[in-house]
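Reader: I'm new to this one and would like a close look at a single part. Could you walk me through one helix and what comes right after it?

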Amino acid sequence: MEGIGGPPMPQWGHDAWRMYQYYLDKSTPHTTYRWIGSLVIVAIYCLRVYSDQGFYIFVFGLGIYLLNLLFGFGFLSPLVDPELEGSDGPLLPIKRSDEFKPFIRRLPEFKFWYSMTKAFCIAFVMTFFSVFDAPVFWPILLCYGIVLFVITMRRLIGHMIKYKYIPFSIGKRVRL
């Protein structure tokens, strides 16, 4: 017996996985093209949902998942959160004389892109099965999603203001 968990993966499955991983690794430095491809997938998914006039639960669940990726897993959060760190003082610079430390994300851009794209692909495939189309009154889901987004953004922006960090870097930082 070779493995503990059951029969080994067939050779064709292993080869397919290696090929998938090879192309995924090759796509890593091509950020713009990856995001353009993802936007095409998102547009196709939106057209599919709009044309079917259904699957609102999946749209809502996908929105919650993306909100969780952005804020919960830390794409827009620093690697070391000053609230969670039990240090005596702030870790992010708050005065001009403090050492400048660049913003480092808790969730890297590639993992965020990969998780988001995979979620849209899974949701797109699920739109082909009518068993997943649960009847729901979509305006309530929309209102609840907007309220959830506003509350989450308010908390995140308050955290950014309190610890003085900006998760987006546009150009070179200039000191005045």
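Which residue takes a positive phi just after α2?

Author: That's Q53, with a positive phi of about 50° right after α2. Keep in mind that this is a predicted model. Let's start with the helix and then come back to that spot.

α2 covers residues 31–52. It has 22 residues and reaches 32 Å from its first C-alpha to its last, close to the 32 Å expected at 1.5 Å a residue.

Now look at which side chains are tucked away. In α2, the buried ones are R34, S38, V42, Y45, R48 and V49. They cover an arc of only 120° around the axis, which puts them on the same side of α2. There's a general rule worth having in mind here: an α-helix has 3.6 residues a turn, so residues three or four places apart point the same way. Turn to the other side of α2 and you'll find T32, Y33, L39, L47, Y50 and S51, which are exposed.

Then there's W35, which is neither buried nor exposed: its relative accessible area is 23%, so W35 counts as partly exposed. The rings of W35 and F112 have their centres 5.9 Å apart and their planes at 35°, so this pair is tilted. W35 sits in helix α2 while F112 belongs to helix α4, so the pair ties together parts that are 77 residues apart in sequence. F112 itself has 7% relative accessibility, so F112 counts as buried. This is one of eleven aromatic pairs that a search of the whole structure finds.

Back to the end of the helix. Q53 is found in the loop between α2 and α3, and α3 spans residues 56–72. The positive phi of Q53 comes although Q53 is not a glycine. As for cover, Q53 counts as partly exposed because its relative accessibility is 48%, under the 50% that exposed residues must pass.

The loop has another residue of this kind. F55 also lies between α2 and α3, and F55 has a positive phi of about 60° although F55 is not a glycine either. Their surroundings aren't alike, though: F55 is buried, with a relative accessible area of 5%, whereas Q53 is partly exposed.

So, to retrace the path: follow α2 with its buried residues on the same side, stop at W35 and its tilted pairing with F112, and then step off the helix at Q53, where phi is positive.

Note on methods:
Residues numbered from 1 in each chain as written. Predicted model: local features only at pLDDT ≥ 70, side-chain atom pairs only at ≥ 80, totals over all residues. Heavy atoms only, no water. Helix = DSSP H or I, 4+ residues; strand = E, 2+ residues; numbered from the N terminus. Buried < 20%, exposed > 50% of the residue type's maximum accessible area, 1.4 Å probe, protein only. Expected span 1.5 Å × (residues − 1). Arc of directions from axis to C-beta. Phe/Tyr/Trp six-rings, centres within 6.5 Å; stacked < 30°, edge-to-face > 60°.
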